[in-house]
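User: I would like to see how the labels attached to a model follow from their cut-offs. Please take me through the reasoning step by step.

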Amino acid sequence: MTAINRSWRRSGALVAVATAGVFGVGLAAGPAQAHTPVWSVTCTEVQIDLTQYSSQVENTVSVTVDGKDLLPTETFKKEFHKKLELPKHSSELSVRLVVKAGDGDNFSRDETKKAPVCEGESTPPATPPATPTPPATPTPSATPTPSDTPTTATPTPSSSTSSAEVPPAKPTSNSGDLAETGSSSSTPLIAGAAAAVIVAGGGIMWAARKRRSAQH
């Protein structure tokens, strides 16, 4: 009986050791299979779902699009969920996800996916460079025509000048007197003197006749 009991004890010990080894291997393999980096890319957005990471260390995640930061480096513990909107694009984009696990580089991820062009958005045709226009050739100035040549107006004699050259007319009297006949103001005196001479001559002739009569 003692030998049998010892045999059973040894068998139980072996089973216990084997069971413990299996559990140990399972526990060791568990963390390696627990990290779940899931992410997807469409024409408009990037969806990131990182689960079952170690909560005892710091993990980081970042996303770039054609080399430009879409998600600057962020730190997370057990899980990370985020939706990122892609910029509008007319050609395919290169999206890169970098996950660094704090509990080992073998759990880290560095993956790249392509973001297609959405329907209705196409690459715009390249605009041809504008052809430089030659400078305009200056045209000679037009020869001034006689009508364009400034002319100097010949001064015409003003009314004041013409009036100065023509002697003014003698004023006429409106009192009804007879018009002058060319005689001067001394004409009445001369006429009076002539009349006196005539009267005197007549007196002399009368006196001479009277003497002749007295003598006869």
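What follows is an exchange about the labels used for this model and the values behind them.

Analyst: This is a predicted model, in which local features need pLDDT of at least 70 and side-chain atom pairs count only at pLDDT 80 or more, while totals for chains, interfaces and linings use all residues. Residues are numbered from 1 along each chain as its sequence is written, and side-chain values use heavy atoms, with hydrogens and water left out.

User: Why is Phe76 called buried?

Analyst: Phe76 has a relative accessible area of 4%, and buried means under 20%, with exposed over 50% and partly exposed in between (1.4 Å probe, protein chains only); therefore Phe76 counts as buried.

User: What makes Phe80 count as buried?

Analyst: Phe80 has a relative accessibility of 7%, so Phe80 falls under the 20% limit and is classed as buried.

User: Why is the pair of Tyr53 and Phe76 called edge-to-face?

Analyst: Rings of Phe, Tyr and Trp (its six-membered ring) pair if their centres lie within 6.5 Å, and planes under 30 degrees apart count as stacked, over 60 as edge-to-face and the rest as tilted. For Tyr53 and Phe76 the values are 5.5 Å centre to centre and 75° between the planes, so the pair meets the distance limit and is edge-to-face.

User: What is the pair of Phe76 and Phe80 called, and on what values?

Analyst: The rings of Phe76 and Phe80 lie 5.6 Å apart, centre to centre, with 45° between the planes, so the pair is neither stacked nor edge-to-face but tilted. Ring pairs thus link Tyr53, Phe76 and Phe80 into a cluster.

User: How do you know that Lys113 lies over the face of Trp39?

Analyst: A charge sits over a ring if NZ of Lys or CZ of Arg is within 6 Å of the ring centre and within 35 degrees of the ring normal. Lys113 is at 4.6 Å from the ring centre of Trp39, which meets the distance limit.

User: Which residues touch the most other members of the largest nonpolar core?

Analyst: Val46, Ile48, Leu50, Val61 and Val95 do, in a core of 21 residues, where a nonpolar core is a set of buried Ala, Val, Leu, Ile, Met, Phe, Trp, Tyr and Cys residues joined through side-chain atoms within 4.5 Å. The largest share of this core, four residues, comes from strand 6, strands being DSSP runs (E, at least two residues) numbered from the N terminus.

User: How do you know that strand 6 pairs with strand 7?

Analyst: Two strands pair if DSSP finds at least two bridges between them, and seven bridges join strand 6 (residues 93-100) to strand 7, so the criterion is met. One of the bridge partnerships is that of Arg96 with Thr112 in strand 7.
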